[in-house]
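Got the viewer open? Let's walk through this one selection at a time, with the cut-offs spelled out as we go.

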Amino acid sequence: MNYKKDFPIFSNIDMTYLDNAATTQRPLCVLEAEKKFYETANANPLRGLYSLAIAATDAYEEAREKVKNFINAKSIKEIIFTRNATEALNLVAYSYGLNNLKAGDEIVVSITAHHSNLLPWQMVARQTGAVLRFIDCESDGSFDKDKIRDIINDKTKIAAIEMVSNVTGREHEYDLIIELVHKVGGIVVLDGAQGVPHMPVDVQKTEADFVAFSGHKMMAAMGIGCLYGKESILENMQPFLSGGEMIEYVTRESATYAELPHKFEAGTVNAGGAVSLGAAIDYMNSVGFDYIVKQEEMLTKMCFDELSKLPEVHIIGGKTAEEHMGIISFTVDGVHPHDIASILDTQNVFIRAGHHCAQPLLKHLGVMSSARASFAFYNTEEDVMRFVDSIRNVRSQMGYGK
Ligand SMILES: Cc1ncc(COP(=O)(O)O)c(C=O)c1O
């Protein structure tokens, strides 16, 4: 299937775009949905009583319903729009973490965490006296189940774990973590930034208490993200930000808050972004996760197999393609990852290089930085071959002999 034709940017620029873990491209239907909102339904949602404002509110709330169905949440009260996964994770840290933890409690995080799912918990630990406990990964990026069992104990109040590592592409054992943490009465926050866009997620099945993700990593606009949270927990949490839109009554000294989910959506919301997320979900549903998963697996395997043939290339993490969910980070002997990305850039092959906002992980694995190729279902076998051909020539471009 040629899904690239749905994305105007691929007609405008001849490129191999392999930085999908950072942000995906947007199909025309998503761009048009947002434009249509501003052309036909724009007013400040959730406050106006006139018909245009009601249309804006309806468009915004319709998007919430789509997100709810996409992850199979029980109620729209459990779907909070945020700016991105980072803000969703901070919301839980500030509103739940600071109010429910005390000195000596433990927060379990993983060494593979993206900074967005680490720094908020460092802040909670600092301010409450709670202790951060790390699940360290093995050299292939996997978690040892015995280590998980050792770390989770009666003091565990929160575990904050990413579904899929943005460096190794490994899907983590969050089911086991959820089971163990729930047994000791703690809650689990899943960072779904690299999970939700790439596999079907059913929040009722996973039973995670919170799941955070970003719209821009699944073909929607930048500036819209989502926090799923169990209603019973959200109900008892204090607001994260306060001000307009999130109140019921306000007096000189105090306020009561709006019902869920609006209690957590202070100020004018990003309705255009929400509409684009709703349209992205419609588009992804029309492609279907059967295809998305199969295509991304095929591209990852092809890329993994081709890179594995090159002795100068070292793939970070799992030793089989199946352990990389659409993400392959690697180094090339004698070539700095920034040079790799710059050389590929001259051929319009776009990949990421750096620490991928996961500095503790890179330090743990003994690498300063890496290059990373990450796939979306619209990528093709030609993309993989163009990328691999470029990598094959990187060392000679740097002046090395064969
Ligand atoms: C695993 C993971 N978590 C969180 C984030 C943060 O996402 P955002 O910048 O959209 O908030 C990213 C972004 O790359 C990520 O890969």
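Start by selecting N99: leaving aside residues up to four places away in sequence, N99 touches Y94 and Q238, where a contact means heavy atoms within 4.5 Å. N99 is found in helix α4, residues 85-100; helices (H or I, at least four residues) and strands (E, at least two) are DSSP runs, numbered from the N terminus. Now draw a distance from the C-alpha of N99 to that of G326: the two atoms are separated by 37 Å, with these positions 227 residues apart along the chain.

A word on what you are looking at. This is a predicted model, in which local features need pLDDT of at least 70, side-chain atom pairs count only at pLDDT 80 or more, and totals for chains, interfaces and linings use all residues. Residues are numbered from 1 along each chain as its sequence is written, and side-chain values use heavy atoms, with hydrogens and water left out.

**Stop 1: the seven-stranded sheet**

Select the strands in the order β2-β8-β7-β6-β5-β3-β4: they form an open sheet of 7 strands with mixed pairing. Two strands count as paired if DSSP finds at least two bridges between them. Color β2 (79-82) and β4 (131-135): they stand at the edges with a single partner strand each, so one side of each has no neighbour in the sheet. On average, neighbouring strands here are turned by 20 degrees against each other, direction ignored. For these angles, axes are lines fitted to C-alpha atoms, for helices over the stretch in contact, and angles run from 0 to 180 degrees between N-to-C directions.

Zoom in on β7 (residues 210-214) and β8 (residues 225-229), which run antiparallel and are joined by 5 bridges. Pick S214, and you will find its bridge partner G225 in β8. Then show helix α3 (residues 51-71), which lies across β2, β7 and β8 and runs at about 115 degrees to β2.

Next, go to β3 and β4, which are parallel and joined by 5 bridges. E106 has V131 in β4 as its bridge partner. Add helix α5 (residues 119-128): it lies across β3 (106-110), β4, β5 (156-162) and β6 (187-191), at about 160 degrees to β3. Together β3, α5 and β4 make a right-handed β-α-β unit; right-handed means that, with the strands pointing away from the viewer, the path from the first strand over the helix to the second runs clockwise.

**Stop 2: backbone oddities**

Select E207, in the loop between α8 (203-206) and β7. Phi of E207 is near 65 degrees, a positive value in a residue other than glycine.

Move along to β9 (residues 247-250) and β10 (residues 255-257), an antiparallel pair with 3 bridges. A hairpin joins β9 to β10 through 4 residues, and V250 has A255 in β10 as its bridge partner. Follow the chain into the loop between β10 and α10 (271-287), where P261 is found. The peptide bond joining L260 and P261 is cis, with omega at about 0 degrees.

**Stop 3: the four-stranded sheet**

Now select β11-β12-β15-β14, an open sheet of 4 strands in that order, with antiparallel pairing. β11 (313-315) and β14 (352-354) are the edge strands, each pairing on one side only. Neighbouring strands are turned by 30 degrees against each other on average, direction ignored.

Strands β12 (residues 327-332) and β15 (residues 370-374) run antiparallel, with 4 bridges joining them. In this pair, S329 stands opposite R372 in β15. Helix α12 (residues 337-345) packs on the sheet, touching β12, β14 and β15, and its direction makes about 155 degrees with that of β14.

**Stop 4: the cavities**

How many cavities of 30 Å³ or more does a search of the whole structure find? There are 2. On a 1 Å grid over the protein atoms alone, a cavity is a set of points where a 1.4 Å probe fits but cannot get out, and lining residues have an atom within 4 Å of a point. Grid points are joined across faces, edges and corners, and a volume is the space filled by probe spheres set on the points.

The largest cavity has a volume of about 50 Å³. Its lining includes N20, H198, G326 and F375, and by class has 5 nonpolar, 5 polar and no charged residues. Here Ala, Val, Leu, Ile, Met, Phe, Trp, Tyr, Cys and Pro count as nonpolar, Asp, Glu, Lys and Arg as charged, and the others, Gly among them, as polar.

Last selection: the second largest cavity, with about 40 Å³ of space. Among the residues lining this cavity are H198, K217, E296 and F377, and the lining divides into 6 nonpolar, 2 polar and 2 charged.

Notes: On a 1 Å grid over the protein atoms alone, a cavity is a set of points where a 1.4 Å probe fits but cannot get out, and a pocket is an open set with protein on both sides within 12 Å along at least five of seven lines; lining residues have an atom within 4 Å of a point.
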